[in-house]
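Okay, thanks for coming, everyone. I'd like to walk you through one fold today, a piece at a time. Let me put it up on the screen.

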Amino acid sequence: MKTNILKIFMSLVLVANLFCMPAEAALQDTWYVHYYSNAPSGVSVQTDYLTVTFYGAGYRARATSLTGSYNRYISIQGYNGTVIDPSLSCHYIDITTTEEMTNVFRTNFIYGNPESVSDFEVYAHGQTSCVSNGWICVNDPNVYNQ
């Protein structure tokens, strides 16, 4: 009887630990935004949020598709404590063309803290519409060339 109670207790502890473990951030995260100026908010999703593992060598971003009105573009900025390129006065990145990879950009986190992640907000701009998908990933060719 005692062994059965012990087995049940240990099983409960194991299950509780599985639910309490933090989720690992990925080396890459993707966005999909679709903004239409006159569409209801359920149809038009102008902002997407991404989380990528902190990486001391920085990040790269690329819009794999970008369509919409003549003045459409995507802006990427940090959120939830993340600041893009804290040493510069400009803390955001604009992407105006498809398939052009951004220069390397860094965030304000300290290298070596394994719990650090960088959070990004991707926002679609355009007079009447902007539809885009793309990615942000760590600055490692083995990741972003896949």
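So, a warm-up while you look: which residue in E7 stands opposite glutamine 28? It's cysteine 137. And before I go further, keep in mind that this is a predicted model.

That pair sits in a bigger picture. Strand E1 covers 28-36, and E7 is residues 129-138. The two run antiparallel, with nine bridges joining them. Add E3 and you've got an open sheet of three strands, in the order E1-E7-E3, with antiparallel pairing. E1 and E3 stand at the edges with a single partner strand each, so one side of each is left without a neighbour in the sheet. From one strand to the next, the twist in this sheet averages 15°.

Now the other sheet. What's the strand order there? Reading across, you get E2-E6-E4-E5: four strands, an open sheet, and antiparallel pairing again. Strand E2, which is 47-53, and E5 are the edge strands, and each of them pairs on one side only. Here the twist averages 25° from one strand to the next. If you zoom in on E4 and E5, they pair in the antiparallel sense over four bridges. One spot to find there is glutamine 77, whose bridge partner in E5 is tyrosine 92.

Next up, the aromatics. The count comes to four aromatic pairs. The one I like is tyrosine 59 with phenylalanine 120: the ring centres are 5.4 Å apart and the planes are at 75°, so we call it edge-to-face, since the cut-off for that is over 60 degrees. Why is that pair worth a look for the fold? Well, tyrosine 59 is in strand E3, residues 59-68, while phenylalanine 120 is in strand E6, residues 117-125, so the pair ties together parts that are 61 residues apart in sequence. Both of these residues are buried. Bring in Phe105 and you have one aromatic cluster made of Tyr59, Phe105 and Phe120.

Phe120 comes back when we look at the largest nonpolar core, where it's among the residues with the most contacts inside, along with Trp31, Ile74, Ile76 and Ile136. That core has 26 residues. Elements giving two or more residues to it are E1 through E7, that is E1, E2, E3, E4, E5, E6 and E7, plus H2. Which one gives the most? That's E7, with five residues.

Last stop: two polar residues in loops. Threonine 82 is in the loop between strand E4 (73-78) and strand E5 (92-95). Buried or exposed? Buried, with a relative accessible area of 5%. A polar atom of its side chain lies 2.9 Å from the backbone nitrogen of aspartate 119.

The other one is asparagine 139, in the loop between E7 and helix H2, which is 141-144. Asparagine 139 has a relative accessible area of 17%, and the cut-off for buried is under 20%, so this residue counts as buried too. A polar atom of the asparagine 139 side chain lies 3.2 Å from the backbone oxygen of alanine 57. Leaving out residues up to four places away in sequence, asparagine 139 touches several others, including Tyr55, Tyr59, Arg60 and Tyr144. Val104 is on that list as well: asparagine 139 and valine 104 are 35 residues apart in sequence, but 6.9 Å apart in space, C-alpha to C-alpha.

Okay, that's my tour. Happy to take questions.

Notes: Residues are numbered from 1 along each chain as its sequence is written. This is a predicted model: local features need pLDDT of at least 70, side-chain atom pairs count only at pLDDT 80 or more; totals for chains, interfaces and linings use all residues. Side-chain values use heavy atoms; hydrogens and water are left out. Rings of Phe, Tyr and Trp (its six-membered ring) pair if their centres lie within 6.5 Å; planes under 30 degrees apart count as stacked, over 60 as edge-to-face and the rest as tilted. Buried means under 20% relative accessible area, exposed over 50%, partly exposed in between (1.4 Å probe, protein chains only). Two strands pair if DSSP finds at least two bridges between them. Axes are lines fitted to C-alpha atoms, for helices over the stretch in contact, and angles run from 0 to 180 degrees between N-to-C directions. A polar contact is a pair of N or O atoms within 3.5 Å; within protein, one must be able to donate a hydrogen and the other to accept it, and residues adjacent in sequence count only if both atoms are side-chain atoms. Contact means heavy atoms within 4.5 Å. A nonpolar core is a set of buried Ala, Val, Leu, Ile, Met, Phe, Trp, Tyr and Cys residues joined through side-chain atoms within 4.5 Å.
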